[in-house]
Amino acid sequence: MPYINLIAEQRKQKRDRERKARSWFFAFVGVTLIGLVGVGYLTLKAESAAAEARSLETKLNELRPYKEEIEQNEKILRALKPRLETLSKARHDTERWWRILDHASLVIPPNTFFTRVKASANNDLTKPVELSWTGMSIDQNLIGELMLRLQRSPDLANVELRYTDQKRTSQGTGLEFHIVSFVPGTEESTKTPTKEGS
C-alpha cells in the first residue's frame, strides 16, 4: 500500500488558513483605522461647530443690549415721526411766508406802502390761502407796477386788484388799494393714499 503524506497537505491548509486569517486581520485593522479616522474627523468637525455655535451665542448675548436699544430707539422714532413731519411742514411754511414778505418789501415802489397784510384760510381746504394787501399810494401807475412785481413771486398766484379809492390822510390825499392773491401749496391734497402694487 502506498504512503500518502497528509502532513504536508495539512501544513499547507494551515498556512492558507493563517494567511487568510492575517489578511482578514489586516483588513479589519485597516477598516478599523479608517473608521477611527472618520469618527475622529467627524468628532473634530462637531466640536468645531459646537465651539462656533457657543461663540455666536456669546456674541448674540453681547449684542442683545444694542438690539434692544435699537428697537427702543425705533419705537421712539415712530412716536416722534408725526411731530417731525409737523415741524418740517411748519419750517417749510415759515420759509414760504418769509420769501413772500421779503419779496414784497423789495418790490414795493416809492411813495407806496402797505397798511395791512392779511392771510385768510379758505373754507374749502382744497383751495389755497388768500393773501390780501391793503395800502396807500400816490399814483394808479405805481399800484399797477406793484401788482406786476408781486406776480413775479413764485409763491404768489392770481394777483388781482379788488379796488382803489381816493382817501384823505394826515399826509394829504392818496389812493387806497386792495390787492388779493393766492398762496399755492397751502391747500390740502385731495389725493387718497393708494395701496402698494395697485
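How many bridges pair S2 with strand S4, and in which sense do the two strands run? That's where I'd start reading this one, bearing in mind that it is a predicted model.

1. **The S2/S4 pairing.** S2 and S4 (residues 172-183) pair in the antiparallel sense, over nine bridges. If you want to check the register by eye, pick Glu130, whose bridge partner in S4 is Phe182. Then take Leu131, which stands opposite Ser181, and Gly135, which stands opposite Phe177.

2. **The sheet as a whole.** Those two strands belong to an open sheet of four, ordered S1-S2-S4-S3 with antiparallel pairing. S1 and S3 stand at the edges with a single partner strand each, so one side of each has no neighbour in the sheet. On average, neighbouring strands here are turned by 15° against each other, direction ignored.

3. **How the edges are attached.** On one side, S1 (residues 112-120) joins S2 through eight bridges, running antiparallel; Arg116 opposite Thr134 in S2 is a handy marker. On the other side, S3 (residues 157-169) joins S4 through 10 bridges, also antiparallel. S3 and S4 form a hairpin with two residues between them, and Thr169 stands opposite Gly172 in S4.

4. **Burial of S2 and S4.** S2 (residues 129-137) is mostly covered, with eight of its nine residues buried. S4 is largely enclosed by the rest of the structure, since nine of its 12 residues are buried.

5. **The nonpolar core.** The largest one counts 15 residues, and Trp133, Leu150, Leu156 and Ile179 have the most contacts inside it. H1, S2, helix H2 (140-151) and S4 each supply at least two residues of this core. H2 itself lies across S1, S2, S3 and S4, running at about 155° to S3. Ile179 is a good residue to centre the view on: leaving aside neighbours within four places in sequence, its contacts include Leu131, Trp133, Ile143, Leu146, Met147, Val159 and Leu161.

6. **Phe113, worth a click.** Phe113 sits in S1 and counts as partly exposed because its relative accessibility is 43%. Beyond its neighbours within four places in sequence, Phe113 is in contact with Ile108, Gly135, Met136 and Phe177. Two of these contacts turn up in point 1, where Gly135 stands opposite Phe177 in S4. Looking back along the chain, the C-alpha atoms of Phe113 and Arg83 are 38 Å apart, with their positions 30 residues apart in sequence.

7. **Two asparagines to check.** Which backbone angle would I look at in Asn111? Its phi, which is positive at about 60° although Asn111 is not a glycine. Asn111 is in the loop between helix H1 (6-107) and S1, and is exposed at 52% relative accessible area. Asn158 also has a positive phi, about 50°, without being a glycine. That residue lies in strand S3 and is exposed, with a relative accessible area of 54%.

8. **Salt bridges within H1.** The whole structure holds 10 salt bridges. One of them joins Arg96 to Asp93, with the closest N and O atoms 3.2 Å apart. Both residues lie in H1, three residues apart, which is about one turn of the helix. Are they buried or exposed? Arg96 is buried at 6% relative accessible area, and Asp93 is buried at 19%, where the cut-off is under 20%.

9. **Salt bridges between distant parts.** Arg99 forms a salt bridge with Asp155, its closest N and O atoms 2.9 Å apart. The pair links distant parts of the chain, 56 residues apart: Arg99 is in H1 and Asp155 in the loop between H2 and S3. Arg99 is partly exposed at 34% relative accessibility, whereas Asp155 is buried at 9%. The side chains of Arg162 and Glu130 also meet in a salt bridge (4.0 Å, N to O). This pair links S3 to S2, again distant parts of the chain, 32 residues apart. Arg162 counts as partly exposed at 44%, and Glu130 does too at 26%. Finally, Lys89, Asp93 and Arg96 are joined into one network by salt bridges that share partners.

Methods:
Residues numbered from 1 in each chain as written. Predicted model: local features only at pLDDT ≥ 70, side-chain atom pairs only at ≥ 80, totals over all residues. Heavy atoms only, no water. Buried < 20%, exposed > 50% of the residue type's maximum accessible area, 1.4 Å probe, protein only. Contact = heavy atoms within 4.5 Å. Pairing = 2+ DSSP bridges. Core = buried A, V, L, I, M, F, W, Y, C linked by side-chain atoms within 4.5 Å. Axes fitted to C-alpha atoms, helices over the stretch in contact; angles between N-to-C directions.
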